[in-house]
Structures are given as structure tokens and as C-alpha cells.
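Thank you all for coming. Before I begin, please bring the model up on your screens, so that you can follow along as I go through it.

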Number of protein chains: 2
Amino acid sequence: MTIKDIAREAGVSTATVSYVINDSKNVMPEKRQRVLDVIAKTGYQPNRVAKSLRTKKTSIIGVLAEDILAFPTARIINGISEYMEQTDYHILLSDLRMMDSLFNRYDQIVHQKDKISEALSFLNFGAKVDAVIYVGMFDRDISGVITGVNKPIVVAYSTSGDEHACSVTYENEAISAQLANHVIDAGHKRIAVITGLAHTAPAQMRLKGIQAAIQEAGLSLDSALVKNGDWERASGYACMMELLEQERGVLPTAVLAMNDLMAIGAMDAIRGANLRVPEDISVVGFDNREVSDFVFPKLTTVEIDLKAIGFTAAQAVTQKLSGAGEYAEERSVIIPSKLILRDTVAQRSDT
Amino acid sequence: MTIKDIAREAGVSTATVSYVINDSKNVMPEKRQRVLDVIAKTGYQPNRVAKSLRTKKTSIIGVLAEDILAFPTARIINGISEYMEQTDYHILLSDLRMMDSLFNRYDQIVHQKDKISEALSFLNFGAKVDAVIYVGMFDRDISGVITGVNKPIVVAYSTSGDEHACSVTYENEAISAQLANHVIDAGHKRIAVITGLAHTAPAQMRLKGIQAAIQEAGLSLDSALVKNGDWERASGYACMMELLEQERGVLPTAVLAMNDLMAIGAMDAIRGANLRVPEDISVVGFDNREVSDFVFPKLTTVEIDLKAIGFTAAQAVTQKLSGAGEYAEERSVIIPSKLILRDTVAQRSDT
DNA sequence: CCCAATCAGCTAATCGTTTAAATTTTGGTT
DNA sequence: AACCAAAATTTAAACGATTAGCTGATTGGG
């Protein structure tokens, strides 16, 4: 079933059929109707492969994910998918599956940069996608990698370190300040922090937000109360143990963990020391993982609007393609995050 | 950069270049080398769109997911992706996002059947994928829907109710029996069951396994101890409350919930009644959700090998395409599940 | 009534591959 | 040196759309 069959059936040329399908040129109403009827009757769908060859556009967006099993990825893709549904674009998914070798040696990680480059090159030259959305967890410099990709690239969640790639990321600093304020407003004065990997951008931004809030409140952040974790649950436990052991006399009354996993690790440690959350020590996290609603007590945390990140990234990429729209020229957009207040912060009235 | 450029540069015809790329015909060694050199030098990659048009094969597998946010989906895609990496196939992802309207009225659900049909039709006629993998949660009869799709379809996780579609699903009954046996071996005699939605296939299979094990052990399943849940946490809580209230004297000593969410709901109820898990009542779940490692005590459960389901589905679909391999003709393959023994089952020595 | 402008519709070239069929080369036999 | 089958190579026709450019027909102003 090709355009030729439709043309013959409707008694017109293939050009005319093409014009009515794309309505790219005026066609007399009754002829148009005849064509439409034949199309409806036969259930004809134009062959996108042929169309792509001719127009050099595939209507396919490559989605290159660092790892689909990483917490944000599927949610971001959900957002992308929701936006795409109202367009003619479709998703070609490439999953780098980086978590498999995440904790490997440095040369492994370099090899992964090759992997990104290779995947991008395939999407660009091989699959001939119109644009790509890179769903990354780590802020990494992909500037070398995207050379030669003369198509729109937008990075979702993390940032790219390249000015040719637009990025859609999330509010980090301001919301961390808000979360810290929430704890301060509850009357806490001795506040500890368990950071993520200290050299990563999110860890630095969150720390900045926390520091700002503490300063603002006329308090100060005791550097002995800042412990470096690595985003994992076990490190939250370890950091909390240090905190518990180091100053028996002046325990912090609240600990701000930079993600939920570490917050839960910290809660384990607190419980292990026969103290109660939040009566003895308040705890907050970041991410709003589903577990944070399952632990006891339920964790107060921050929710990143991952779906909106995906939705907006998709919107941005299609607008860059059409050249029109609010994001068509944008370099960087930041999606607001929001506080999720649950049960791990207690009011504190001691001086 | 096209095959013509390569041909000119290497001083051969385009046909020869094509033959060395696909090595589909003998080419004299030194000529082949010349072509290879030019390809390497220029970084030429054949235009897959043109190739697809000519060969009527796209090397693209459509992955049609009921919802990428559903627990199994991303893990299954991870498996698909891992297998695909060693092939020349790529993934076109369509997400139906069914969870959004899952609890809506019946006509909504019918509308979703339209959605499946429409998506499948697009993949088939529009995107011209070579085959499709349907990643479904619900056993549904898609037999009407796949008519006219004359391409391999394999259903991953759920089953299709259609003999034209192969399905890769997981061990349900036997592992449920094994789990029940684990509880029985610990000395439990009064065993309660919290089922999933009673009309669904997994709920029925799991119940069958449990019944078999109980029978086998010379015990019997008291129908007053079988409560119908709906897979959600709240229903686990509600069922457990019923169990706790109904027979003060003869409480079950163990409850088998058909998934982790309901098991956790049951644990909430038990704790709420001032009883202890597992000392007073043992609990087991199914799925090995990540939360089951975070709750206290850690939940004993069953792990479905979702990655293997995806991997095998991908394998099956490519083998059906090539016509060779162990799954090329297979109708149905079942992936073994495994027990995850943690802390919610206690030894019981009372009669 | 004529001419130019506008409009509808058609013809045919084109996109970049693959591959059947035609052609040329190779090398072994006589 | 001539012949011939087999092997290597090339030519050119597809695949199914889009679209530039052409042809006639219609319209309307002078």
C-alpha cells in the first residue's frame, strides 16, 4: 500500500496525494475529499522511511540515558513521553547502563566517555535522529563528545559543561536553603550536614544553600558537624556514627542529609544508638525516593519534579527544531523543586 | 558523505562498496582493503534510512510499554537493552503511561485498548519496526489488537492471550509453593494469605502454589484466613486488620502477602496492634521491591528476574527475526524466580 | 476580447542504499 | 594462442515518498 496505489484509486497523481497528506499546497475540495476517502478506506499510512530519506528528517528524537535504572531516569522519560505524545516525534532509546561499572577504575570511566561518544555518533550518523536528549546523572564535560553533532542536544537533569548543549536541570540551592530554614524555624541550632560526594556539583550547590540559610538566621555552621558521604546509605550510617561518637556532650539536634538514602542510613545509626527520630535528633533527606514514605518515621525531604524536567527537555528540543517557542534559544532552564514535609523534624525549644 | 563518495575515492563502483560493507559477495582483497581504508579515513557510516527503504528492514525493535514507571518496566528494558547492545538492533520506545488512568472507569480502560491498538499500528505501518516487544503488567487479551501485525511480537512479563504472540513470563506458582514451604518448614501451621486482585492470573497462580504446598505438608488452608487485597499497601493493612480482629484467640502465626506492598501494609497493622514481626507473626511478600530492604525488619520475599525477562524477550524476538535459535519457534518461556530470605520469618515451635 | 497573473495538477528527478543482471577479468586447459 | 567457466566488478533499476518546474485552465483588468 503506497502513495501510488492511493493516487491510482483516487484518480490523481502521487503529487496531489502528497499535497493533501501534508497539506502543503492547495487542492480542490472535491479532489482532496476523494483522496481522503481512499486513505480512510484503505487505512494507508505513509512510509516514514521513504519520507525520511527524501526530507532528511526522521521525526525521531534520540534519548541517550546514562542508566535507565537510576532513580531519575524513568521518571524523566515519562515526562518526555508525555510531551512527545502530542507531537509527531518518537523516541529512540539508548541506554548506556553505566551503573554496572560505576565503581570501576578510572580507565573504565574513560571507556564510558567513549561509549557516550560512540552512542551519540550512532544516533547522529547512523540512526539519523533529528535531535537528542541526554539523560545524565553526573555533571560531566561532554563538550569534546558532542563535536560534530550539528543537531540540537539538550541535557536533562545534570549539566553538560558545553555551551552547545542546552540543559534542563532542577532547583538545588534555593530549595536546600528552604529545607534548612524549615529545620531552623523548628528551633534547631546545632545542625549537622551529611554531604554527597564533595566534588560533585549538586553536593556543592546544596551545601551553599544550607550555609546561606544558616548564616541568614544568624547561626553558624560548625565544620566539625559537616561530614562527607558518598550518596549511599552506608555512608549516611557511617557519618552519623562519627557524629554520635565525636561529641557526646553536644550532639546535633538535626541532621541534613543530602539525599534520602544517606538520611535513612543516618536514621539507622540514630536508632542503633538508642535515640529517637525526631524527638532526639531530627533528620531530613533529598530526592523523595519512594522509600522515604515507607520508613518509620516518614522522612521529610525535597521532591525534584523529574517529570517536568523530561517534559520541558522534550519541549525545548522540539522548539529548537522548529525554531519557535520560549525555549528555542534557551541555554539553561531550571525546574522548581518542592518541600515534602513529613515526620522526621520535631519542634525544639531548648536554647 | 555517501556511498558514492566512498566509491569514487576508492576507485570502485558503489556496488563494490556495498559488498564490502555487508560482506555479501566476494571482493578481491586489495580492493576490499582500499575501500576499508577510505571508510576508516572518512568515518563514513551508511545511511540506515536509505538502507531501510531498500531492504524493508529497519533494524528497529519497537518496545511498547504499558507504563515505564511501573516497577518491572525499567528493569525489563534494561535487560532488553543489554541484549540489544550485542546486536545491530535498536529500541524505539513507546510508553502508554497507563498508570495515569489506571483506576478510571471501564470505558477508560477500553479507550486504552484503542491506545494499544493505535500504538501497535503506528509501530507496524508508520515506524516500520521489524518486531515489537510488549512490556505489560496485566494479562490481557490483545488478540484482537495484534491482527494485521505480521511481525514477531513478544510479550514480556504478562501474557498475551494470543497464540500469535510469544510471551516471556516468570515463575509464579512453583516459587510461591517454595516460599510457603519455607514458612511451613519454620514450623508455622496457622497460615494466612493476603491475595492480589483475585481475578488476575498472577494472584490465581500464586494462590495455587501456596495451596499445593500447604496440602503437601498435610495442613489445610483455612478459608477464613484468606483475604482479598488489591496489590496496594492500604489493602494489605486492611486485610491484616480483619485478620487481627476476627479471631482474637487463634491468630495466624504467619501471613503470606502476594506482594511486598501489601506485606508492608500488613506489617504496619501488626505493629499497630502492638505485636512484633516476626516474633508474634511472620510476614512474607513478593517482588523484592527496594523498600523491602529498607523496612524494619527486612522483608523475606521473592525476586522475579526482570532483567532476564527483558534479555530473553529481546533474544527471542531477534531469533524469531532470523529464524534460528532456541527461542525462534517458542510460544512461551518462563524465567525462574528466586527466594530472598531476610528477617520477617521466625522459627515457630508451638503445636 | 486579449493578456498576464494565478491556480491546480502533473511529470519526473531526487534522496542513498541494495542487488539482479550484464559485463569484464582471471586463470586454467588445450 | 585460443577458449571457457568461474569469479569479480559494474550498471542501472528499484524502494516510496517529496517537490521543483512545467502545463493548461481560469480569472479579471484594461
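I will go through one chain, then the contact between the two protein chains, and then the DNA.

First, a word of care: this is a predicted model, in which local features need pLDDT of at least 70 and side-chain atom pairs count only at pLDDT 80 or more, while totals for chains, interfaces and linings use all residues. Residues are numbered from 1 along each chain as its sequence is written, and chains are lettered from A and ligands numbered from 1 in the order in which they are written.

Chain A has 11 helices and 12 strands, these being DSSP runs numbered from the N terminus, with at least four residues of H or I for a helix and at least two of E for a strand. The C-alpha atoms of chain A fill a box of roughly 90 × 45 × 30 Å along the principal axes. Its radius of gyration is 26 Å, where a compact globule of 351 residues would have a value near 20 Å; the radius is taken over C-alpha atoms, and the globule rule is 2.2 Å times the number of residues to the power 0.38.

Turning to the contact between chains A and B, each of the two gives 31 residues, with two residues in contact if their C-beta atoms, placed from the backbone, lie within 7 Å. On the chain B side, H4, helix H5 (71-85), strand S2 (90-95) and helix H6 (106-126) each give two or more residues, and H5(B) gives the most, with 6 residues. That side divides into 16 nonpolar, 8 polar and 7 charged residues, where Ala, Val, Leu, Ile, Met, Phe, Trp, Tyr, Cys and Pro count as nonpolar, Asp, Glu, Lys and Arg as charged, and the others, Gly among them, as polar.

Which strand of chain A is joined to S2(B) by bridges? It is strand S2 (residues 90-95) of chain A, which runs antiparallel to S2(B) and is joined to it by 3 bridges, DSSP pairing two strands if it finds at least two bridges between them. Leu92(A) has Leu92(B) as its bridge partner.

Finally, the DNA. Around strand D there are 28 residues, the closest being Thr2(A), Ile3(A), Ser18(A), Ala15(B) and Asn26(B); a residue is near a strand if its C-beta atom, placed from the backbone, lies within 6 Å of it. Helix H2 (14-21) and helix H4 (48-55) of both chain A and chain B give two or more residues to this surface. DNA strand C is likewise surrounded by 28 residues, with Ala15(A), Asn26(A), Ile3(B), Ser18(B) and Asn47(B) the closest.
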